[in-house]
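Visitor: Hello! I am new to looking at protein models, and I would love a close look at a single part. Could you walk me through one slowly?

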Amino acid sequence: MNSDSIASLLFEAGSLMLIGMLFVFSFLGLLIIGIHLIARFCEAFPGEVAEPTPQVKRPNQAIQPGIDGNVIAAISAAIHTHRQATKK
Amino acid sequence: MDKLQVLWDSTALAHFESGQLIMMAVGFGLLYLAIVKKFEPLLLLPIGFGALLTNIPLAGFSETGGLLYYIYKIGIDTGVFPLLIFMGVGAMTDFSALIANPKMLLLGAAAQFGIFATLFGAIALNLIPGFEFTLKDASAIAIIGGADGPTAIFLASRLAPDLLGAIAVAAYSYMALVPIIQPPIMKALTTKEEREIKMGQLRPVSKREKIIFPLAVLFMTILFLPAATPLVGMFCFGNLMKECGVVDRLSKTAQNELINTVTIFLGLAVGSKLSADKFLTLETLGILGLGAIAFAIGTAAGVLMAKVMSRLSGGTINPLIGAAGVSAVPMAARVVNKVGLEANPHNFLLMHAMGPNVAGVLGSAVAAGILLALVG
């Protein structure tokens, strides 16, 4: 391949880089606006109760030094019984 | 004596060529990586085995009439397999982290710089005698920087089928190497204080938002980038099946049975492209090198963008999450979480990193669409 054609290819690659990045940013930028609009729409017309996003489990919350293990066990047992009782 | 000669001629021993032996060794190498090192085993195992099969002398797996020839012809030549995989990936993707914090799309966009910078780099390699990449070849190689296997295979099958084997192997190997490639770059570009930044809780996202989101993405793609609709369309279809909640059976099939079935054939078909004449070339070396550069540049661009956003937002964004902008779901997000935990053992960034991570999937699909529209 001669250097002339490489230079023109390089130029084309450079412009592709510029146009490509510009397009990716504007496309995803528009999508940001879109998501905000969707959120606004869903706030205005809430169909159902919002479900919480799944949260990352934090193991450090389960074993807090301040709380006695017995208390946790008692509360867990109570919740369990309650769930069993209210189950249809 | 004649019979003995005929018998000898019908053994593989008489017909082995050195290239085939080397490629079989490459196949064994991939099997080793998959089984012992557990690098992307779901793909590297079928690819490695496909490489073994296709290099067997006399068996003709990849010649007209052979099994792998047909699998390749039906699944990859047509672009069907990567698209089916993309549908399954869509059915497995949860966009709530992104919908809760849409700014993360900018990180997914910034990381695509890896693709376009590599495109430039691939053309620049032509200055070295022995390399002759056309713009199509360069685009197909550059997409490795998108860190998205199906997208890379789809684009390569459209633009540079001859390079497909090397591109797929590079893409999947580097995706497996994300935990090794990314952390040094992430640490070099951020200070310890920045890595310790804790991010606020994400808001809850309603089911309705999650249903409208894939439809909105598809609508925008239809309007602005129809060339990306095969990829984005299948992705959004899978995601809608998951989120709408009325076709659980279909969604489960798309993300389990179907994607598994397709993965087996996709891997074998990619492996069938690992023949000596296509793989043992200088170009393959170039592709492997460029792929690593693409990953590194994408990661760096994402982190730098996140740094800018962190400054502008007054320090509420941890710059590490920018690294997740190169797709590689969910590996890149896990790496971010791990590096974050090293700086601050109570800082869990996983959910925050999932936002840019899924944004990266969209970003690389959009970038692939642009390359298809402009180069293809």
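Visitor: Let us take helix 2 of chain B: which residues are exposed on the other side of this helix, away from its buried ones?

Guide: Happy to help! Please keep in mind that this is a predicted model. The exposed residues on that other side of helix 2 of chain B are B:Ser18 and B:Phe28.

Now let us turn to the buried side. In helix 2 of chain B, the buried residues are B:Gly19, B:Gln20, B:Met23, B:Met24, B:Gly27, B:Leu30, B:Leu31 and B:Ala34. If you look down the axis of helix 2 of chain B, these buried residues fall within an arc of 135°, so they line one face of the helix. Being buried here means having under 20% relative accessible area, while exposed means over 50%.

How long is this helix? Helix 2 of chain B covers residues 18-35, which makes 18 residues, and at 1.5 Å a residue these should span 26 Å. The C-alpha atoms at its two ends are 26 Å apart, so the expected span and the model agree.

Something has to cover that buried face. The cover over the buried residues of helix 2 of chain B includes helix 3 (41-54), helix 11 and helix 17 (276-279), which also belong to chain B. These three neighbours are worth remembering, as we can follow them to the empty spaces in the model.

Rolling a probe the size of a water molecule over the atoms shows where empty space is left. Let us begin with helix 11 of chain B, which runs over residues 164-176. Together with helix 18 (282-312) of chain B, helix 11 gives two or more residues to the lining of the largest cavity. Helix 18 of chain B has the largest share of that lining, with three residues. Among the residues that line the largest cavity are B:Leu163, B:Gly165, B:Ala166, B:Glu283 and B:Ile287. By class, this lining has three nonpolar, three polar and four charged residues. The largest cavity holds about 40 Å³ of space, and a search of the whole structure finds one cavity of 30 Å³ or more.

Helix 11 of chain B also takes us to the largest pocket, where helix 3 joins the list as well: both give two or more residues to the lining, as do others including helix 5 (80-92) and helix 16 (248-271) of chain B. The largest share there, six residues, comes from helix 16 of chain B. In all, 35 residues line the largest pocket, and B:Glu40, B:Val89, B:Met92, B:Val329 and B:Pro330 lie nearest its centre. Its lining divides into 24 nonpolar, six polar and five charged residues, around a space of about 1000 Å³.

Finally, follow helix 17 of chain B. This helix and helix 4 (67-76) of chain B each supply at least two residues to the lining of the second largest pocket, and helix 4 gives the most, with four residues. The second largest pocket has a volume of about 450 Å³. Of its 24 lining residues, B:Thr54, B:Ser62, B:Glu63, B:Ser272 and B:Ser275 lie nearest the centre. Sorted by class, the lining of the second largest pocket has nine nonpolar, eight polar and seven charged residues.

So our close look began with B:Ser18 and B:Phe28, exposed on one side of helix 2 of chain B, and then moved to its buried face, covered by elements including helix 3, helix 11 and helix 17 of chain B.

Conventions. Residues are numbered from 1 along each chain as its sequence is written. Chains are lettered from A and ligands numbered from 1 in the order in which they are written. This is a predicted model: local features need pLDDT of at least 70, side-chain atom pairs count only at pLDDT 80 or more; totals for chains, interfaces and linings use all residues. Side-chain values use heavy atoms; hydrogens and water are left out. On a 1 Å grid over the protein atoms alone, a cavity is a set of points where a 1.4 Å probe fits but cannot get out, and a pocket is an open set with protein on both sides within 12 Å along at least five of seven lines; lining residues have an atom within 4 Å of a point. Grid points are joined across faces, edges and corners, and a volume is the space filled by probe spheres set on the points. Ala, Val, Leu, Ile, Met, Phe, Trp, Tyr, Cys and Pro count as nonpolar, Asp, Glu, Lys and Arg as charged, and the others, Gly among them, as polar. The expected span of a helix is 1.5 Å times one less than its number of residues. Buried means under 20% relative accessible area, exposed over 50%, partly exposed in between (1.4 Å probe, protein chains only). The arc is that of the directions from the helix axis to the C-beta atoms. Contact means heavy atoms within 4.5 Å.
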